[in-house]
Amino acid sequence: MLDDPRAVRITGDATAAVYRRPEDTDAEQHPERYRDRPIEEAYCWSNLTSGNGSRALWLLLLPFMVVNLAHWMRPTARARTRAVRLYGVLVRLVALSLTVLLTAAACEVALDLTAWQCAGVADCSGRRSWLGFLSSAQGGWWSQPGRRLAVASLVPAALVGLLWFLSNRTWSAYESQRPLTGSRQDDTDPAAGDGTGAAGNGEASRPALGRPGFWYGRRLVARLRAAHTAAGFLTVAAFVAGAAARHDRAAAGPVPGVIGRLIEAALAGAALIVLWVVCRRGRSERRLDNRLDRALITYLPGVGLTLLVLAGGYAAWSRPGWISSGALPGDTAFGILTLAQVVLVLLLAGVAFGLYRRTPEPRTVLYGLGGPVVAMLACALGGVMTGGVAQRVADWLDGPGTPGTDGAVIEGPPVLLSWQAAVIPVLLALLVAPGLLLLARTWLTVRSLEPGIEREYRHEQPDQARTRQIARIRAAAALTDSAPSIVGPVAGATLLLGAAAVGGAWVSGEVPGEALKGSGPFVESVAAAAQSTGSWLIGLGFILFVTWGRRAYRDASARRTIGILWDVGTFWPRAAHPFAPPCYAERAVPDLVSRMSGWTALTRGRLVISGHSQGSVLAASAVWQLPARTRSRVALLTYGSPIERLYGRWFPAYFGAVPLHGLHRTVNCWRNLWRSTDPIGGRVGLGEASGPAVDRGPLKDPLVYGRTPEHPLPEPVLGHFDYQADPVFAEERAALLDRLGPLLPQQAAGDETSKSPRAQGSSGRSSG
């Protein structure tokens with residue numbers, strides 16, 4: 001960012017810090033050097049998203065990250081407090097269902113496929129020496145089904161414990177940065193617009209991103225962490241105790257049936273408490289909430305773990321006549337989970353559409369249904385990961401056979417997972433038509449852009465190949481705006497096909513290939529092909545997923561690629577799912593606010609904060625948090641910015657027209673640079689109603705069309721990168737500095753330097 005390999009860290013740590021060139025480290029003591037140029041410093045935050053190799057493990061948390069995004073995608077609301085709260089409650093319930101789904105998948109692999117099915121069949125356990133002590137054929141102490149389940153429950157319990165540990169650890173490392181005292185907005189901040197359309201002074205008039213507690217959600221994350229951890233332990237306990245209780249009810253034995261009923265009642269009661277905790281309280285943004293519900297976050301996970309231990313002891317009780325056969329009733333559990341997710345997503349869609357109808361914004365995607373669509377995709381992603389793991393483990397355990405079919409050694413995973421795999425080829429086939437339509441529209445766009453490009457570079461010799469290259473890049477960059485037209489139908493088809501899969505599994509009780517036998521040769525062949533192809537696709541996806549994570553763990557460049565994905569996904573606080581990857585903005589925004597507030601207070605200097613790509617979103621978020629007196633000394637320069645193109649459309653309550661107009665009115669000055677070749681950044685689109693024009697663009701790209709004596713080699717099309725290479729960047733930065741006020745600011749009280757620096761430039765750039 002500084003174009004200097006000798007950059008010196010001024011403040012911060014190895015994770016995120018502010019750097020300067022060596023000759024600028026003592027700039028405040030020598031203001032005479034900076035009468036005609038700014039002090040440039042860079043805030044580097046890339047290690048927050050793509051640091052050490054452990055970041056690759058975050059791929060396993062992808063469904064949790066996606067559902068957390070759905071919380072922030074609600075439409076703009078005006079005086080609809082109850083609807084907003086209901087929206088948050090529904091998203092948190094969908095997030096809780098994903099935790100239960102992941103834990104249930106681990107139980108399916110460890111308890112059902114391994115301990116119940118494989119260890120209970122001599123042909124399967126005989127090929128797995130490590131299962132010898134659990135094998136029913138050997139007749140050892142651990143060979144009873146209940147004891148096998150108790151031992152296997154350690155695997156999903158350890159997974160839940162690992163998720164709790166990672167959530168707690170990442171909170172301490174990333175999100176525990178309290179704002180600098182005095183850096184918050186004044187109560188009389190004139191910012192107009194809070195994303196709800198409220199007007200007036202005080203807390204109610206602050207934009208959401210400017211509220212004191214927005215970037216400090218410690219209390220809610222701690223509550224949700226406790227609830228999700230308890231839910232995970234309760235899910236494992238239900239798998240273990242449920243199998244033993246069903247056996248005790250079906251056959252007389254040495255274990256009193258009342259014990260199983262008491263444990264099941266305790267599990268149900270604890271589950272209701274978990275639901276109450278998840279639904280009871282949302283985020284507290286209007287103030288900095290440092291309180292912790294210590295009793296709840298201490299005892300709730302402990303209660304879940306205690307019930308798991310009791311369930312394990314109950315299952316391990318000797319039952320000499322108990323023989324494991326078939327599979328555990330996973331179809332019921334996974335079916336109920338899937339239906340619950342469908343119902344929650346439909347309710348969420350109803351609430352979101354109601355909010356949108358009350359406050360419609362033309363640029364909001366999918367008529368306000370962006371949040372429900374993304375929540376549905378999170379559920380689908382969780383289902384694919386669940387099915388992929390279960391199917392691959394079942395295939396591995398069964399050896400040459402195919403689980404669930406004639407001749408198989410084990411029955412395999414729940415048939416619902418096979419039905420869900422079978423609908424994947426159908427979903428892909430449905431995407432062919434819109435994909436071809438999009439390709440045709442892109443081709444037509446390329447042809448329509450070519451004459452305009454030749455007019456733009458009319459002073460140079462036309463070159464059809466060069467013109468076609470530029471047109472293709474511009475048309476491809478415009479595809480970003482077509483994402484809702486693809487994501488919406490995919491989510492709708494996923495919802496319908498998922499419901500059909502549940503119905504098919506419950507009605508038939510068999511995998512698709514077996515259930516449709518006798519329906520005619522064509523139907524049989526299609527069902528068998530869909531089942532095998534879907535299973536293969538799920539397996540391929542799971543292998544690619546693991547391979548990508550393995551490569552990212554070892555390769556820093558691959559880790560940076562994943563870091564770009566996390567830029568958007570982990571920008572938002574963990575408001576719905578506590579096990580999502582940590583929010584880097586809860587570290588970065590307080591860093592930037594503290595730096596800007598502290599520097600301007602000490603020097604009375606002027607400051608231009610410039611941000612590229614995701615860095616522009618961080619810069620705007622930090623400016624929103626500044627006190628009004630500090631914002632008067634700050635100018636904002638954004639380039640390659642997704643503030644409106646991505647965030648304004650998908651997160652309208654926080655980056656919609658009303659909040660952006662409020663930011664424009666209250667910041668001293670703001671300029672945004674954009675290119676038509678940029679697939680990520682775009683215009684902000686604010687008129688002059690709230691202040692001077694913000695946008696400048698589209699910038700010329702490439703700067704030179706063909707070969708010239710000054711540029712003998714072809715100039716690259718820069719697209720999303722290297723905005724600072726354009727002379728317009730330096731021109732606009734100089735103009736912002738000139739608009740900020742007097743050439744030399746007054747000396748701050750108590751400052752021993754004779755003159756304060758002229759200005760400071762701070763550049764935040766995307767980790768990509």
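**Notebook: loops, rings and helix pairs**

**Entry 1: the loop before H24**

I started with Asp722, which sits in the loop between S7 and H24. A note to self before going on: this is a predicted model. Phi of Asp722 comes out near 55°, which is a positive value in a residue other than glycine. Most residues other than glycine have a negative phi, and most peptide bonds are trans. Is Asp722 buried or exposed? Neither: its relative accessible area is 44%, so I put it down as partly exposed.

I then checked the peptide bonds in this loop. Gly697 and Pro698 are joined by a cis peptide bond, with omega at about 0°. Pro698 belongs to the loop between strand S7 (695-696) and helix H24 (727-739). I also found a cis peptide bond joining Asp701 and Pro702, where omega is about 5°. Pro702, too, is in the loop between S7 and H24.

**Entry 2: the whole chain**

Next I stepped back for an overview. I have 24 helices and eight strands in the chain. The chain runs to 768 residues, and 54% of them count as buried. I also looked at contacts between residues at least 6 apart in sequence: 79% of these join residues at least 24 apart.

**Entry 3: Ser613, then H18 against H19**

Ser613 caught my eye for its backbone. Its phi is near 55°, again a positive value in a residue that is not glycine. I placed Ser613 in the loop between strand S4 (606-612) and H19. Its relative accessibility is 5%; the cut-off for buried is under 20%, so Ser613 counts as buried.

From there I moved on to the helix that follows this loop. Two packed helices are described by the angle between their axes and the distance between the axes, so I noted both. How do helix H18 (residues 585-603) and helix H19 (residues 614-625) cross? Their axes come within 9 Å and cross at roughly 60°. That angle makes H18 oblique to H19. The crossing of H18 past H19 is right-handed.

Which residues meet there? On the H18 side I listed Ala585, Ala588, Val589, Leu592, Val593 and Met596; on the H19 side, Leu618, Ser621, Ala622, Val623 and Gln625. By class, I get nine nonpolar residues, two polar ones and no charged ones in the contact of H18 with H19.

**Entry 4: H12 against H13**

I did the same lookup on another helix pair. The axes of helix H12 (residues 415-456) and helix H13 (residues 464-478) come within 8 Å and cross at roughly 125°. I therefore wrote down H12 as oblique to H13. H12 also passes H13 in a right-handed crossing.

From H12 the contact uses Thr442, Thr445, Val446, Arg447, Leu449, Glu450, Ile453, Glu454 and Glu456, and from H13 Thr467, Arg468, Ile470, Ala471, Arg472, Arg474 and Ala475. What classes are in the contact of H12 with H13? I have six nonpolar, three polar and seven charged residues.

**Entry 5: aromatic rings**

A pair of aromatic rings is described by the distance of the centres and the angle of the planes. My count for the structure is 24 aromatic pairs. One of them is Trp215 with Phe571, which is edge-to-face: 5.4 Å centre to centre, with 70° between the planes. This pair links distant parts of the chain, 356 residues apart. Trp215 is in the loop between helix H6 (154-175) and helix H7 (218-250), while Phe571 is in the loop between helix H17 (556-569) and H18. Both Trp215 and Phe571 are buried.

Phe571 also forms an aromatic pair with Trp572. I noted that pair as edge-to-face, at 5.0 Å centre to centre and 85° between the planes. Trp572 is buried, as is Phe571.

Then I followed the rings outward. Trp215, Phe571 and Trp572 belong to one aromatic cluster, whose members also include Trp45, Trp72, Phe214, Tyr584 and Trp624. Tyr647, Phe651, Tyr654 and Phe655 are in the cluster as well.

**Entry 6: Arg92**

Last lookup of the day was Arg92, which I found in helix H3 (residues 81-118). Is Arg92 buried or exposed? Its relative accessible area is 4%, so Arg92 is buried. What does Arg92 touch, leaving out residues up to four places away in sequence? I listed Leu224, Val278, Cys279, Arg281, Gly282, Ala575 and Ala576.

Note on methods. Residues are numbered from 1 along each chain as its sequence is written. This is a predicted model: local features need pLDDT of at least 70, side-chain atom pairs count only at pLDDT 80 or more; totals for chains, interfaces and linings use all residues. Side-chain values use heavy atoms; hydrogens and water are left out. Axes are lines fitted to C-alpha atoms, for helices over the stretch in contact, and angles run from 0 to 180 degrees between N-to-C directions. Helices (H or I, at least four residues) and strands (E, at least two) are DSSP runs, numbered from the N terminus. Angles under 35 degrees count as roughly parallel, over 145 as roughly antiparallel, 65 to 115 as roughly perpendicular and the rest as oblique. A crossing is left-handed if the near helix is turned anticlockwise from the far one by less than a right angle, and right-handed if clockwise. Contact means heavy atoms within 4.5 Å. Ala, Val, Leu, Ile, Met, Phe, Trp, Tyr, Cys and Pro count as nonpolar, Asp, Glu, Lys and Arg as charged, and the others, Gly among them, as polar. Rings of Phe, Tyr and Trp (its six-membered ring) pair if their centres lie within 6.5 Å; planes under 30 degrees apart count as stacked, over 60 as edge-to-face and the rest as tilted. Buried means under 20% relative accessible area, exposed over 50%, partly exposed in between (1.4 Å probe, protein chains only).
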